[in-house]
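Me: I'm new to this one, so please bear with me. Could we go through it together, asking at each step how the labels are earned?

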Amino acid sequence: MLTLAVLFPFLIALVCALAARILGRRTGFLAALGFVPALLLALPLLNMPAAAPASELTPWVAEIDLHLRFRGDGFSLLFAVLIGLIGTLATWYSVSYLSASEKFGRFYPYLLAFGGSMLGLVLSDNLPALFMFWEMTSVTSFLLIGLWHTRGAARDGAVKAFLISALGGLGLLAAVAMLGIAGGTTTLSQLDLEAVRASPLFLPALLCTLLAAATKSAQLPFHLWLPTAMEAPTPISAFLHSATMVKAGVLLVAKFGLIFGASALWSGLLVPLGLATLAWGSWLALRQTDLKALLAYSTVSQLGLLMSLYGLASDEGRFAATTHLLNHAAFKAALFFVVGIIDHETGTREIPFLQNLRRHLPVTFVLALLATLSMAGLPPLGGFISKELFYEAMLHHGPAFITVAVLGSILTFAYCARLLSIFFEHRRTLTPEMEAFRQQHVREHIHEAGPGLYLPPALLVGAALLFGLVPGSAEWLTRTASNSLNFGEYKEHLALWHGVNTALLLSVLTWLAGAVVVWRAATFARFQSAVTPTWNANTVYYRLSDGLRAAASRVVAHSQGLALPDQLRVMLLAAGVMGGYAVWRSPQVFHSIGVLPLSLLPIGVLLIAGALGVLLSRNRLTAVIVMGLTGFGSAAAFLAFRAPDLALTQLLVEAVTVILFLLAFRYLPGVRDLPRTRGRLLLDAGLALAAGAGATLLTLSSLRFLAPPISPYYLVNSYKGGGGQNAVNVLLVDFRGFDTLGEGLVVGMVALAVVSLVKLGKKGPTTTPPNPRIDPDKINQERVNPDRRVEVSRETQN
Amino acid sequence: MNSLFALIIGVLVGTGVFLLLSRSIVRVVIGLAFIAYGINLTILTVAGLSQASPPLLSSPGPYVDPLPQALILTAIVIGFATTALILTVALRAYQVAGHDDVEAFGDNLARTVDSDLERADPEHQSPDQPDWEDDTLAGGRSL
């Protein structure tokens with residue numbers, strides 16, 4: 001069941017990719033089927049927390065302890081059902097939302113693959129598989145963010161998200177490896193916690209896990225990728241960036257918190273990090289004019305809240321965090337859907353252009369109002385209850401923490417009000433450019449969206465309302481995770497009214513202060529722009545990535561942008577250093593030359609005469625003939641060492657090669673030794689000497705057999721097995737038949753290539769270079785010094 | 001005997017490498033051919049040079065090792081094919097470039113990278129609709 005839930009979306013993704021051409025936008029209904037097994041996980045969830053978690057094991061790559069081992073404990077099941085639910089809603093929603101020109105064959109498969117990876121991540125009990133699914137969410141979200149890949153901004157956003165989450169992925173890989181070593185097993189639920197805590201790997205594993213969680217869940221200073229990931233279509237944003245992907249980091253902190261929570265460092269790092277993200281995210285959210293960007297920064301801040309609560313590593317913190325996780329998923333996904341409706345109906349998401357929408361979009365208004373009030377933490381909605389729990393937990397932690405928490409919540413209240421302002425009339429001052437934009441993009445006659453668009457958020461808003469009005473429902477859901485997150489001991493109950501306590505007073509303070517910020521919005525905006533620094537995490541990111549790109553192109557230009565001989569020199573030097581080391585380490589065997597049979601002497605002379613002759617020849621005809629000396633010399637050597645087949649082949653090939661060269665010479669200039677500079681000449685001579693010496697030493701050091709030769713097998717079997725008396729021939733066509741087939745194919749392909757190249761005839765470049773920026777003549781002129789160029793052109797005239 | 005051949009191989013490979021580094025394109029091709037000769041002889045030598053009977057079972061043994069012979073047979077043919085291909089490519093390069101100076105062949109990798117890409121900016125978002133129609137990068141479509 002668990003395995004099916006994870007793998008089924010991938011299967012449906014494949015089907016969708018094939019069916020999209022026929023079904024068009026209706027592919028969405030098919031895609032929604034992919035999440036059905038995940039939704040069915042709600043059935044075992046009903047028996048939680050009492051029932052024992054089910055575990056399913058499918059062996060996979062046993063060598064590295066990589067198995068598909070899924071474990072359905074309460075928390076994982078809760079998360080999986082959440083993913084399934086929001087995934088289903090997002091696919092339904094996108095059926096009405098997407099334009100008919102969308103690439104459905106890409107959209108839905110990516111969405112499903114992402115959903116499947118996410119389900120794998122939450123359910124996986126095997127550490128390497130956990131890492132694998134983690135990376136798969138990075139890759140699939142990269143595809144989803146960059147869905148509109150023709151837009152530069154979408155590509156940039158996708159790359160940014162991928163770079164940052166891949167950085168964290170490396171951290172997770174290290175953490176997983178260290179946990180596996182320290183804990184003695186790669187099964188998460190069977191780790192030997194005592195051993196892990198005692199191990200010296202504990203601290204590095206903790207830091208690596210934190211890096212992974214912080215990058216994935218967009219904590220400071222890695223928050224920059226989440227807002228730009230909003231380049232994806234809105235249903236994707238609702239799925240990825242409200243409910244699931246970004247919560248992967250939160251999930252990691254929640255699950256691994258049971259291992260690392262014992263250390264004071266864990267809380268000491270996570271709680272301040274989360275609170276800082278909460279405050280800074282809501283500060284930035286208040287500055288946005290784009291609805292989706294506002295929601296993005298609000299997600300950043302809410303993730304900070306969740307991080308800090310799980311980071312407390314206390315029963316109280318885990319209980320509060322799990323409650324807020326549910327509330328946040330409900331209201332944030334609903335808000336993304338609502339923003340999608342507004343964008344879909346009005347043509348813009350810019351707050352200054354939108355007002356009075358409650359008249360035209362009454363249903364959307366009600367949904368947005370309820371979801372926003374839940375986000376702002378107002379009763380009687382779920383968000384209020386979880387915010388009270390958050391205050392309560394932070395109060396126990398210290399005055400500094402509760403101060404930051406309240407400040408963040410004040411800003412949260414303010415940006416919620418800003419979001420709602422689009423539904424009411426407000427004064428606006430439009431510059432001429434903005435007015436032009438408004439006339440071009442913003443629709444005048446706005447109609448309410450169809451049920452396909454407002455039913456999915458309505459369902460989620462209903463949940464948010466239910467969590468508030470009947471707190472028992474939220475508590476029951478939260479309690480399903482109690483055994484897996486160890487907060488079963490925590491007896492406090494969720495309620496709308498706790499009596500007058502400090503948390504409630506702080507809430508009232510939050511609302512009042514928030515109202516002041518809203519009332520004095522203009523002053524506050526001026527204050528915000530006055531204190532905003534000129535640099536931020538984004539400028540640092542771009543500085544780094546530009547620097548990297550410039551450095552890479554410089555390296556490429558200097559290493560690969562050289563002419564052929566320069567590249568060869570670099571390669572030979574590298575090969576020489578490595579080969580030289582190998583030869584130096586190996587023993588050499590010197591046989592005496594004294595027993596040389598006289599018949600070998602002329603062969604050696606032939607071989608060497610050819611080599612020297614080519615070096616000295618200044619005429620192309622001489623060069624080829626002298627080269628033939630070496631060729632025929634090797635044929636003679638083959639004959640002397642009892643290889644008649646080789647000698648025959650070599651003679652034939654040699655003859656054909658000479659003919660080939662003579663044919664080619666009709667079109668080629670003479671063999672001129674173009675002058676090399678003195679330094680180059682010395683370097684080349686040195687390289688040639690080194691290569692020659694290397695070849696000699698290599699041959700000498702290979703003269704001892706490391707293992708008994710396998711050749712007797714061929715001699716014994718060539719007649720028995722192959723029916724031939726020529727062992728070499730039988731070897732080629734029977735024992736190594738496929739090699740010979742491949743050899744034949746190579747020769748055939750070369751023949752085709754040669755024919756097509758020759759058929760181009762004496763024509764020059766037939767087309768202009770495709771890129772107008774690249775002008776070969778100009779490049780040549782830069783490379784060749786002017787004198788040489790004159791010399792070359794004179795030769796070609798001759 | 002083996003040491004003599006090791007020396008000869010060294011001379012052949014050294015000559016090949018020296019020619020390979022020349023600026024004249026024909027010398028580069030010849031250099032490759034010399035390296036191929038050297039390598040073929042290496043295979044023969046490292047298996048142990050011996051003047052026993054050829055591996056023809058019709059004649060009485062003992063026989064020399066047939067395995068290096070089979071390998072070299074393949075190598076000769078492939079070496080010939082490579083030489084032919086490179087010679088033709090050299091010919092074509094000469095025709096296109098108008099000269100046979102290997103060092104002067106242009107290399108497009110040296111061009112500077114265009115860095116003014118469009119950037120994702122959370123504060124200035126584009127409308128949330130696909131833009132396949134007014135597609136400036138039309139290539140993306142046909143791909």
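Reply: Happy to! This is a predicted model. Let's begin with A:Pro380, which sits in the loop between helix H18 (362–376) and helix H19 (382–395) of chain A. A cis peptide bond, with omega about 0 degrees, joins A:Pro379 and A:Pro380.

Me: Where is A:Pro221 found, and what is the peptide bond from A:Leu220 to A:Pro221 like?

Reply: A:Pro221 belongs to the loop between helix H10 (202–216) and helix H11 (225–228) of chain A. The bond leading to A:Pro221 from A:Leu220 is cis, its omega being near -10 degrees. Such bonds are worth pointing out because most peptide bonds are trans.

Me: What makes A:Asp65 worth a look?

Reply: The phi of A:Asp65 is positive, about 55 degrees, although this residue is not a glycine. Most residues other than glycine have a negative phi. You'll find A:Asp65 in the loop between strand E1 (54–61) and strand E2 (66–72) of chain A.

Me: Why are H29(A) and H30(A) called roughly antiparallel?

Reply: Helix H29 (residues 620–640) and helix H30 (residues 644–665) of chain A pack at an angle of about 170 degrees, their axes 8 Å apart. Angles over 145 degrees count as roughly antiparallel, and therefore H29(A) and H30(A) earn that label. Residues making the contact include A:Leu621, A:Val624 and A:Phe632 of H29(A), and A:Leu651, A:Val658 and A:Phe661 of H30(A). By class, the contact of H29(A) with H30(A) has 15 nonpolar, 5 polar and 2 charged residues.

Me: How do you know that A:Arg318 and A:Asp315 form a salt bridge?

Reply: Their side chains meet at 3.8 Å, N to O. The cut-off for a salt bridge is within 4 Å, so this pair qualifies. Both residues lie in helix H16 (residues 315–346) of chain A, 3 residues apart, or about one turn of the helix. Over all chains, the structure holds 11 salt bridges.

Me: How many salt bridges does the rule find across the interface of chain B and chain A?

Reply: The rule finds 0 there. Polar contacts between chain B and chain A are counted too: 10 residue pairs, both residues at pLDDT 80 or more.

Me: Which elements of chain B give two or more residues to the side that touches chain A?

Reply: They are helix H1 (2–20), helix H2 (25–46), helix H3 (66–97) and helix H4 (139–142) of chain B. H3(B) gives the largest share, 25 residues. That side of chain B has 65 nonpolar, 28 polar and 19 charged residues.

Me: What numbers describe the whole interface of chain B and chain A?

Reply: In contact are 112 residues of chain B and 154 residues of chain A. The two chains bury about 12000 Å² between them, 67% of it on carbon and sulfur atoms.

Definitions and conventions:
Residues are numbered from 1 along each chain as its sequence is written. Chains are lettered from A and ligands numbered from 1 in the order in which they are written. This is a predicted model: local features need pLDDT of at least 70, side-chain atom pairs count only at pLDDT 80 or more; totals for chains, interfaces and linings use all residues. Side-chain values use heavy atoms; hydrogens and water are left out. Axes are lines fitted to C-alpha atoms, for helices over the stretch in contact, and angles run from 0 to 180 degrees between N-to-C directions. Helices (H or I, at least four residues) and strands (E, at least two) are DSSP runs, numbered from the N terminus. Angles under 35 degrees count as roughly parallel, over 145 as roughly antiparallel, 65 to 115 as roughly perpendicular and the rest as oblique. Contact means heavy atoms within 4.5 Å. Ala, Val, Leu, Ile, Met, Phe, Trp, Tyr, Cys and Pro count as nonpolar, Asp, Glu, Lys and Arg as charged, and the others, Gly among them, as polar. Buried area is the accessible area (1.4 Å probe) that two parts lose on being put together, summed over both. A polar contact is a pair of N or O atoms within 3.5 Å; within protein, one must be able to donate a hydrogen and the other to accept it, and residues adjacent in sequence count only if both atoms are side-chain atoms.
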